[in-house]
Amino acid sequence: MNIIYFNPDEMRADVLGCYGHPLVKTPNFDRFASRGTLFENCFVQHTVCSPSRCSFMTGWYPHTRGHRSLWHLLQPDEPNTMKYLKNNGYQIHFIGKNDMLSEEDVDNSIDKLHEVTGGGGSSRVYQDSEHPGYMNFLYEPMQDHHQDYYRVLEACEFIKSWRSGDKPFMLFLAQVFPHCPYTAPEPWYSMYSPDEIPPLLAETLEHAPAFHRWIKEYRRLPECAGDMAKIMAVYLGMISYVDHMFGLLLDALDESAAADNTSVFFFSDHGDWAGDRLLVEKWPSALDDSLTRIPLIISIPGGKPGHRVSEVMELIDIVPTVATLTATPLRHTQYGRDLTPQLNGESGDPGRTAFAEGGYDPDTDLICFEHIGGIEGEKGNDSYTIVNSPESIYYPKGMQQGEKPETVCRSVMIRTKDFKLVRREHDVSELYDLQNDPGEINNLYYKDEYLEQRLELNERLLLWFLKTSDVSPWARDKRGF
């Protein structure tokens, strides 16, 4: 059984046709859903790239081993799905961005890291640094394909070169799109008009977390509110562009010797506001569905086609699922649940809850903050420049985290089918009745009539932390001197 992970960055679930979006064109994701299982309510464990990826490769929550920032990646002594499969006789091919493995762990986990060149860039729509739209992530169309496109072509060539009798493979195709800045080559950039975009999510005005206010102020978003529909239109174009690339991958697989013995996992690492709530990008302690609910569609040989699972589940579930499909024993404590019953037509667990977390403690997590993470003193390195240069699109984020650290405080989410509760260390907590308020507009956390729900969910959060606070090694040391 071969395994393919097709992993776009920053793709939320509700912007795909097969997830119900009324406008966007995603014919390849839609056809893939028709031959596999679509999970309607899959939630990530963190809304930033690296912590989310560390979770879906280990089955750990970010707090379990401290993978809570951009700067703390998987180490050689820690397990991950690629390492397990490599040790079980698989060839591991990695194409794309690495937001997950430390340099010391690459050789332990990957057989071939494909170096792919090519691809064009873009520039801001507003070139004047004094213009209010200068930091809103809206860019001009790309003049060439993005590098992701050439990475997909590389993946297609590898798949078509595989022959029956070769070692089974795992291919991890880690894409950048549709991560902002908001841009794409034509015709995708102009595929959707701002005038036809469905109404954007409204701002949460009463009892909103402080980062809502300060993201808007540091990026001057209220002054360019007229760009929000355009930003969403371009974001949808980026989704359709990723769909086009995914179609190339599906066609290559269908034409290859691997077609009948390959399981394909399509999922993202987190979402993006893309203009909703008058916000752009994401935030490390924000836990709205726009950021935590992502697409997950899995197709396995012999699985039930066109199956949809509506129950809540978590992205870490792919860890034991791959282990089952590949007959690979796991030898560490992990918290995901095997999804193979659902891939064969069963329903999910109707009482399941999802958990996610984010943010940094201003007193103890200084190294986690994004403006600090580019190691102090090494001002020439990319990590420092990306958030500390005044010209960088991420400069407002670094400034806000440095000047308003309480806006990125530690946060944790519990989400059931009906309610979501978010607890914050130094900022506003949140409670939403998702059946009556799916857009998470009315924060009920401070309403007395919802005391019972608040207490119950807080208790469940405490029990979850007790269960997942750490993991003991499976190997036992000999005692005595």
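In the predicted model, Lys 447 is partly exposed, with a relative accessibility of 28%, and its side chain meets that of Glu 206 in a salt bridge with an N to O distance of 3.9 Å. This pair links distant parts of the chain, since Glu 206 is placed in the loop between strand 5 (169-174) and helix 7 (210-219), whereas Lys 447 is placed in the loop between strand 12 (430-433) and helix 15 (451-468), 241 residues apart. Glu 206 is likewise partly exposed, its relative accessible area being 47%.

A salt bridge within a single helix is formed by the side chains of Glu 217 and Arg 213, for which the N to O distance is 3.0 Å. The two residues are 4 residues apart in helix 7 and are therefore separated by about one helical turn. Glu 217 counts as partly exposed at 42% relative accessibility, and Arg 213 also counts as partly exposed, at 48%.

The side chains of Glu 370 and Lys 397 meet in a further salt bridge, at 3.8 Å from N to O. Because Glu 370 lies in helix 12 (residues 370-373) and Lys 397 in helix 14 (residues 395-403), the pair ties together parts that are 27 residues apart in sequence. Both Glu 370 and Lys 397 are buried, that is, each has a relative accessible area under 20%.

Salt bridges with shared partners also join Asp 9, Arg 53, Lys 97, Asp 99 and Asp 269 into one network. Over the whole structure, the search finds 33 salt bridges.

Notes
Residues are numbered from 1 along each chain as its sequence is written. This is a predicted model: local features need pLDDT of at least 70, side-chain atom pairs count only at pLDDT 80 or more; totals for chains, interfaces and linings use all residues. Side-chain values use heavy atoms; hydrogens and water are left out. A salt bridge is a side-chain nitrogen of Lys or Arg within 4 Å of a carboxyl oxygen of Asp or Glu. Buried means under 20% relative accessible area, exposed over 50%, partly exposed in between (1.4 Å probe, protein chains only).
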